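The following exercises concern the structure displayed below. Please work through each task before reading its solution.

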Amino acid sequence: MQYAVMIEIEKGEWTYVSEENPFTIYSMPMLFNNRDAAEEEASKWNTGVVVEREGMIRSFDRSEVTRAKVRNYLNKEQW
């Protein structure tokens with residue numbers, strides 16, 4: 001079993017932590033072979049949670065990418 005870390009980037013919107021800096025929704029998630037290492041990474045984030053990973057982690061589908069782009073646009077308009 002492998003583990004990944006997820007963070008809440010907006011209320012109700014979660015993404016996987018990646019090794020890339022900065023990372024995007026297209027970045028591959030950072031994977032850990034043991035829970036302790038994943039917990040250590042999760043502790044670096046305010047909203048970090050460890051999730052178990054079995055099989056492939058799928059990429060966002062077209063509707064999720066569109067929703068993320070709209071949310072990004074709306075967030076920029078607020079400021």
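Five exercises with worked solutions follow, preceded by a note on conventions.

**Conventions.** The model is predicted; local features require pLDDT of at least 70 and side-chain atom pairs count only at pLDDT 80 or more, whereas totals for chains, interfaces and linings use all residues. Residues are numbered from 1 along each chain as its sequence is written, and side-chain values use heavy atoms, with hydrogens and water left out.

**Exercise 1. Overall architecture**

Determine the pattern that the protein follows along the sequence, and state what percentage of its residues count as buried.

*Solution.*
1. Assign the elements: helices (H or I, at least four residues) and strands (E, at least two) are DSSP runs, numbered from the N terminus. This yields two helices and four strands.
2. Read along the sequence, these elements give the pattern β-β-β-α-β-α.
3. Take the extent of the C-alpha trace along its principal axes: about 40 × 25 × 20 Å.
4. Classify accessibility, where buried means under 20% relative accessible area, exposed over 50%, and partly exposed in between (1.4 Å probe, protein chains only). Of the 79 residues, 27% count as buried.
5. Define contact as heavy atoms within 4.5 Å. Among contacts between residues at least 6 apart in sequence, 60% join residues at least 24 apart.

**Exercise 2. The nonpolar core**

Identify the residues of the largest nonpolar core and the element that supplies the largest share of this core.

*Solution.*
1. Apply the criterion: a nonpolar core is a set of buried Ala, Val, Leu, Ile, Met, Phe, Trp, Tyr and Cys residues joined through side-chain atoms within 4.5 Å.
2. The largest such core has nine residues, namely Tyr3, Val5, Ile7, Val17, Met30, Phe32, Ala38, Ala42 and Val50.
3. Elements giving two or more residues to this core are β1 and α1. The largest share, three residues, comes from β1.
4. For context, nonpolar side chains tend to be buried together in soluble globular proteins.
5. Examine one member, methionine 30, in the loop between β2 and β3. Methionine 30 is buried at a relative accessible area of 14%. Not counting residues up to four places away in sequence, methionine 30 touches Tyr3, Ala4, Val5, Val17, Ser18, Glu19 and Glu41.

**Exercise 3. A charged residue in helix α1**

Is glutamate 41 buried or exposed, and which residues does glutamate 41 contact?

*Solution.*
1. Locate the residue: glutamate 41 belongs to helix α1.
2. Compare its relative accessible area, 11%, with the cut-off; glutamate 41 is buried.
3. Leave aside neighbours within four places in sequence; the contacts of glutamate 41 are then Val5, Val17, Met30 and Phe32.
4. As a contrast in helix α2, consider lysine 76, which is exposed with a relative accessible area of 58%. From methionine 30 to lysine 76 the C-alpha separation is 28 Å, with their positions 46 residues apart in sequence.

**Exercise 4. The aromatic pair and the cis peptide bond**

Classify the geometry of the aromatic pair formed by phenylalanine 23 and tryptophan 45, and locate the cis peptide bond.

*Solution.*
1. Rings of Phe, Tyr and Trp (its six-membered ring) pair if their centres lie within 6.5 Å; planes under 30 degrees apart count as stacked, over 60 as edge-to-face and the rest as tilted. One aromatic pair satisfies this in the structure.
2. The ring centres of phenylalanine 23 and tryptophan 45 are 6.1 Å apart and the planes lie at 70°, so the pair is edge-to-face.
3. Phenylalanine 23 is in the loop between β2 and β3 (31-32), and tryptophan 45 in the loop between α1 (35-42) and β4 (49-53), so the pair ties together parts 22 residues apart in sequence.
4. Phenylalanine 23 is partly exposed at 22% relative accessible area; tryptophan 45 is also partly exposed, at 32%.
5. The peptide bond from asparagine 21 to proline 22 is cis, with omega near 0°. Proline 22 is placed in the loop between β2 and β3.

**Exercise 5. The largest pocket**

Describe the lining of the largest pocket by element and by residue class.

*Solution.*
1. On a 1 Å grid over the protein atoms alone, a pocket is an open set of points where a 1.4 Å probe fits, with protein on both sides within 12 Å along at least five of seven lines; lining residues have an atom within 4 Å of a point.
2. Grid points are joined across faces, edges and corners, and a volume is the space filled by probe spheres set on the points. The largest pocket holds about 530 Å³ of space.
3. Its lining comprises 19 residues, of which Ile9, Glu13, Ile25, Phe60 and Ala68 lie nearest the centre.
4. At least two lining residues come from each of β1 (2-10), β2 (13-16) and α2 (62-78); α2 gives the largest share, eight residues.
5. Count Ala, Val, Leu, Ile, Met, Phe, Trp, Tyr, Cys and Pro as nonpolar, Asp, Glu, Lys and Arg as charged, and the others, Gly among them, as polar. The lining then divides into nine nonpolar, four polar and six charged residues.
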